[in-house]
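User: I'm new to this one and would like to understand where the labels come from. Could you walk me through it?

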Amino acid sequence: MADVRRPHLVVFTGSGISAESGIQTFRAGDGLWAAHPIEEVATPQAWRRDPARVLQFYNLRREQVRRARPNAAHKALAGLEQQGFRVSIITQNIDDLHERAGSRNVLHLHGEILKARSTVDARMQYPLPRGGIELGDICDKGSQLRPDVVWFGESVPHFQEACEIVGEADLLLVVGTSLAVMPAASLLDHTPLDAPSVLVDPEAEALAPPGVTRISQPAGKGVPALVRHWQREGRLWVPQTLIANG
């Protein structure tokens with residue numbers, strides 16, 4: 001049973017938080033899609049057309065994730081949870097940086113790159129502590145393995161669960177996302193009416209919808225600053241100094 005005595009911080013993170021750990025984003029001009037168009041490596045059609053190319057793309061990404069390290073934002077959120085705050089993280093990212101930083105309550109909307117799954121039964125998942133996925137690697141039902149990621153054009157299986165978590169938030173903290181990827185961007189619509197929403201992103205002024213507090217800082221600066229205030233005060237609030245100096 002959830003501890004209703006403690007305010008519930010729900011954190012929704014996107015590629016911007018991982019970019020500060022060296023993981024390329026998709027939408028930046030020098031991002032992954034510059035060399036790998038979406039339709040060639042991240043759709044069900046691409047998988048049917050050229051599974052070897054798709055596997056190679058994700059094998060390279062997997063090695064990039066393994067080399068990356070949690071940054072100050074990941075560590076600050078984990079530290080807040082370890083101090084006794086109730087923290088739930090919903091992430092669009094497929095890396096494991098939140099978990100490696102120490103966060104325990106993490107929901108991956110778009111899957112996890114360090115897992116493989118069956119092509120005939122999505123419930124059959126296999127951890128990938130090392131190496132990648134090759135043609136001929138099969139599940140226990142004899143079907144080819146694929147990355148455990150949600151491709152463009154596929155449904156988001158954990159979206160309803162994410163909506164329920166956001167619906168229990170006392171404060172929603174959004175970090176490093178353009179709020180442009182649906183359906184994840186619509187999570188803000190499920191925030192309780194009395195729960196404030198805060199966006200930490202260098203482009204927050206341009207990205208934040210009406211009613212969302214803007215902190216125009218990188219995740220590695222803005223998130224630790226917020227967390228320090230919360231740890232010092234023992235409550236969730238947004239200092240005006242951060243907003244003004246964003």
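User: Okay, which residue in strand 2 does V10 stand opposite?

Analyst: V10 stands opposite S88 there. Before we go on, keep in mind that this is a predicted model.

User: What makes strand 1 and strand 2 a pair?

Analyst: Count the bridges: strand 1 (residues 8–13) and strand 2 (residues 86–91) share six bridges in the parallel sense. Pairing takes at least two bridges, so six bridges make these strands a pair.

User: Which sheet do they sit in, and what is the strand order?

Analyst: They sit in an open sheet of six strands, ordered 3-2-1-7-8-9, with parallel pairing.

User: Why are strand 3 and strand 9 called edge strands?

Analyst: Strand 3 (106–108) and strand 9 (213–215) each pair on one side only, and that's what the name refers to. As for the twist, neighbouring strands of this sheet are turned by 20 degrees against each other on average, ignoring direction.

User: Which helices lie on these strands?

Analyst: One is helix 5 (residues 72–82), which lies across strand 1, strand 2 and strand 7 (171–175) and runs at about 145 degrees to strand 2. Another is helix 7 (residues 159–166), which packs on the sheet and touches strand 1, strand 2, strand 3 and strand 7. Its direction also makes about 145 degrees with that of strand 2.

User: Let's move to strand 4. Is it mostly covered or mostly open, and how do you know?

Analyst: Mostly covered: six of the eight residues in strand 4 (residues 111–118) are buried.

User: Which strands does strand 4 pair with?

Analyst: Strand 4 runs antiparallel to strand 6 (residues 145–149), joined to it by five bridges. Strand 4 also pairs with strand 5 (residues 125–127) in the antiparallel sense, over three bridges. Both counts reach the minimum of at least two bridges, so both are called pairs. For single bridge partners, look at R117 with R146 in strand 6, and A116 with Y126 in strand 5. A hairpin of six residues joins strand 4 to strand 5.

User: What makes D148 and R117 a salt bridge?

Analyst: Their closest N and O atoms are 3.6 Å apart. The cut-off is 4 Å, so the pair qualifies. D148 lies in strand 6 and R117 in strand 4, so the pair ties together parts that are 31 residues apart in sequence. Both residues are buried, too.

User: How do you know that K115 and E112 form one as well?

Analyst: Same kind of check: the closest N and O atoms of K115 and E112 are 3.1 Å apart, which is within 4 Å.

User: Why is K115 called partly exposed?

Analyst: K115 has 24% relative accessibility. Buried needs under 20% and exposed needs over 50%, so 24% falls in between. E112 also has a relative accessible area of 24%, so E112 is partly exposed as well.

User: Is R123 buried or exposed, and what about D121?

Analyst: R123 has a relative accessible area of 73%, which is over 50%, so R123 is exposed. D121 has 9%, which is under 20%, so D121 is buried. The two form a salt bridge with their closest N and O atoms 3.0 Å apart, and D121, R123 and K141 are linked in a network of salt bridges. The structure holds 11 salt bridges.

User: What makes N59 buried, and what does N59 touch?

Analyst: N59 is in helix 4 and has a relative accessible area of 11%, under the 20% limit, so N59 counts as buried. Leaving aside neighbours within four places in sequence, N59 is in contact with G132, I133 and E134. A polar contact of 2.6 Å joins the side chains of N59 and R62.

User: Where is P51 found, and why is P51 called partly exposed?

Analyst: P51 is found in helix 4 (residues 51–67). The relative accessible area of P51 is 23%, between the 20% and 50% limits, so P51 is partly exposed. P51 touches A46 and L135, not counting residues up to four places away in sequence.

User: Last one: how many disulfides are there?

Analyst: Zero. Among the cysteines, C139 is buried at 4%, and C163 is buried at 6%.

Technical notes
Residues are numbered from 1 along each chain as its sequence is written. This is a predicted model: local features need pLDDT of at least 70, side-chain atom pairs count only at pLDDT 80 or more; totals for chains, interfaces and linings use all residues. Side-chain values use heavy atoms; hydrogens and water are left out. Buried means under 20% relative accessible area, exposed over 50%, partly exposed in between (1.4 Å probe, protein chains only). Helices (H or I, at least four residues) and strands (E, at least two) are DSSP runs, numbered from the N terminus. A disulfide is a pair of cysteine sulfur atoms within 2.5 Å. Axes are lines fitted to C-alpha atoms, for helices over the stretch in contact, and angles run from 0 to 180 degrees between N-to-C directions. Contact means heavy atoms within 4.5 Å. A salt bridge is a side-chain nitrogen of Lys or Arg within 4 Å of a carboxyl oxygen of Asp or Glu. A polar contact is a pair of N or O atoms within 3.5 Å; within protein, one must be able to donate a hydrogen and the other to accept it, and residues adjacent in sequence count only if both atoms are side-chain atoms.
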